[in-house]
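Here is a friendly walk through one protein model, written for someone who will have the coordinates open alongside. Let us begin with a pocket and then move on to the cores, the sheet and two loop residues.

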Amino acid sequence: MKDPRYPYALDIGTEVCGYRILEVLGAGGFGITYKAFNDVTHKTVAIKEFYVRDLASRSGSTVLVDTAISEGTYEYALQKFQDEAKAVVNRLSHPYVVKGENFLRWNNTCYLVMEYVEGVTLEQWLIGHAEPPDEAGLRPLFEKIFDAVDHVHDADTMHRDLTPRNIMVRPNGDPLLIDFGAAGQGLDRERSAKTVAQMRYAPPEQADIDLPARHGRYTDIYSLGAVLYRAVTGAPPVASVNRIMRMGRAGGSGDPYLPVAEAVADPGRYSVAFLNGIDQAL
């Protein structure tokens with residue numbers, strides 16, 4: 001049976017390396033994520049399949065790579081997927097970072113097996129509030145998120161795609177960083193600045209697809225600032241590429257960024273230091 005939302009995904013009920021696909025959880029640039037169940041161990045997991053829609057098709061469950069794509073394109077995408085597997089299986093071990101369990105090759109592609117997370121995305125959690133949470137409501141959650149990002153950085157890795165859709169909130173209120181498909185290994189290295197994060201959460205070094213840029217801890221810090229901006233104002237900040245373009249036309253002035261104290265409905269619900277920290281991150 002096909003999930004009509006994801007006609008390119010594996011059929012519900014398909015078996016992958018002993019796991020039976022129960023549902024499609026979502027799809028991104030480098031893969032499709034499924035909820036799956038092992039009938040022997042009775043364990044539910046999340047499985048991310050390496051499948052790039054622009055580069056591949058299917059014959060049954062087997063993935064077929066388009067032979068007309070430019071040399072190196074598919075290999076680049078596969079390397080990113082393997083980097084994610086190395087990060088979550090080998091290098092990262094933290095209560096607020098998704099746990100990777102295994103990396104498998106099957107059906108002419110690869111699968112990353114991870115813990116299955118009950119809960120909602122941070123975006124869904126925020127939408128569920130009648131108004132943006134106040135500082136007291138956000139601090140316990142984001143202090144754990146910051147701790148998780150520190151762990152990622154200490155492991156010589158970056159996330160590079162921190163958005164409200166890539167942070168889960170468990171039923172007990174604990175956060176969990178997911179989707180390390182943009183991670184790669186190494187901090188502060190020259191690398192192609194391919195845009196990975198959603199534009200309004202991406203810092204300038206990720207926004208220019210033509211020029212190389214040096215990524216660092218500040219890359220994730222900017223995105224965290226944008227996530228917090230969305231949490232307290234109800235909307236993400238203006239995209240960094242738009243800020244650069246407008247300031248360039250105005251000779252360095254005319255930044256369209258609206259300071260968070262002016263964007264929140266009631267600044268009195270947040271301390272000055274808290275709001276200044278968001279502005280400084282951005």
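Helices here are DSSP runs of H or I with at least four residues and strands are runs of E with at least two, both numbered from the N terminus. The model is a predicted one, in which local features need pLDDT of at least 70 and side-chain atom pairs count only at pLDDT 80 or more, while totals for chains, interfaces and linings use all residues. Residues are numbered from 1 along each chain as its sequence is written, and side-chain values use heavy atoms, with hydrogens and water left out.

**A pocket**

A pocket is an open set of points on a 1 Å grid over the protein atoms alone, where a 1.4 Å probe fits and protein lies on both sides within 12 Å along at least five of seven lines; its lining residues have an atom within 4 Å of a point. The second largest pocket holds about 240 Å³, a volume taken as the space filled by probe spheres set on the points, which are joined across faces, edges and corners. Which element gives the most to the lining of this second largest pocket? Helix 8 does, with five residues. Helix 3, helix 5 and helix 8 each supply at least two. Of the 13 lining residues, Phe-146, Leu-228, Phe-274, Gly-277 and Ile-278 lie nearest the centre. The lining divides into nine nonpolar, two polar and two charged residues. In that division, Ala, Val, Leu, Ile, Met, Phe, Trp, Tyr, Cys and Pro are nonpolar, Asp, Glu, Lys and Arg are charged, and the others, Gly among them, are polar.

**The cores**

A nonpolar core is a set of buried Ala, Val, Leu, Ile, Met, Phe, Trp, Tyr and Cys residues joined through side-chain atoms within 4.5 Å. Buried means under 20% relative accessible area, exposed means over 50%, and partly exposed is in between (1.4 Å probe, protein chains only). The largest nonpolar core has 53 residues, and Phe-142 and Leu-177 have the most contacts inside it. Elements that each supply at least two residues of this core include helix 1 (73–91), helix 3 (135–154) and helix 5 (217–233). Helix 5 gives the most, with eight residues. Beyond its neighbours within four places in sequence, Leu-177 is in contact (heavy atoms within 4.5 Å) with ten residues' worth of partners listed in the model, among them Tyr-96, Ile-145, Val-149 and Leu-162. Apart from this core lies another of 19 residues, including Leu-10, Ile-47, Ala-56 and Val-63.

**Strands and sheet**

Two strands pair if DSSP finds at least two bridges between them. Six strands form an open, antiparallel sheet in the order 1-2-3-4-8-7. Strand 1 (15–16) and strand 7 (100–106) are at the edges with a single partner strand each, so one side of each has no neighbour in the sheet. Strand 7 pairs with strand 8 over six bridges, and Asn-102 has Val-113 in strand 8 as its bridge partner.

Four bridges join strand 5 to the antiparallel strand 6. Along strand 5, Ala-56 and Arg-58 point to one face and are buried, whereas Ser-57 and Ser-59 point to the other and are not.

**Positive phi in two loops**

Neither residue in this table is a glycine.

| Residue | Phi | Loop | Relative accessible area |
|---|---|---|---|
| His-42 | about 60° | strand 3 to strand 4 | 59%, exposed |
| Asn-107 | near 55° | strand 7 to strand 8 | 17%, buried |
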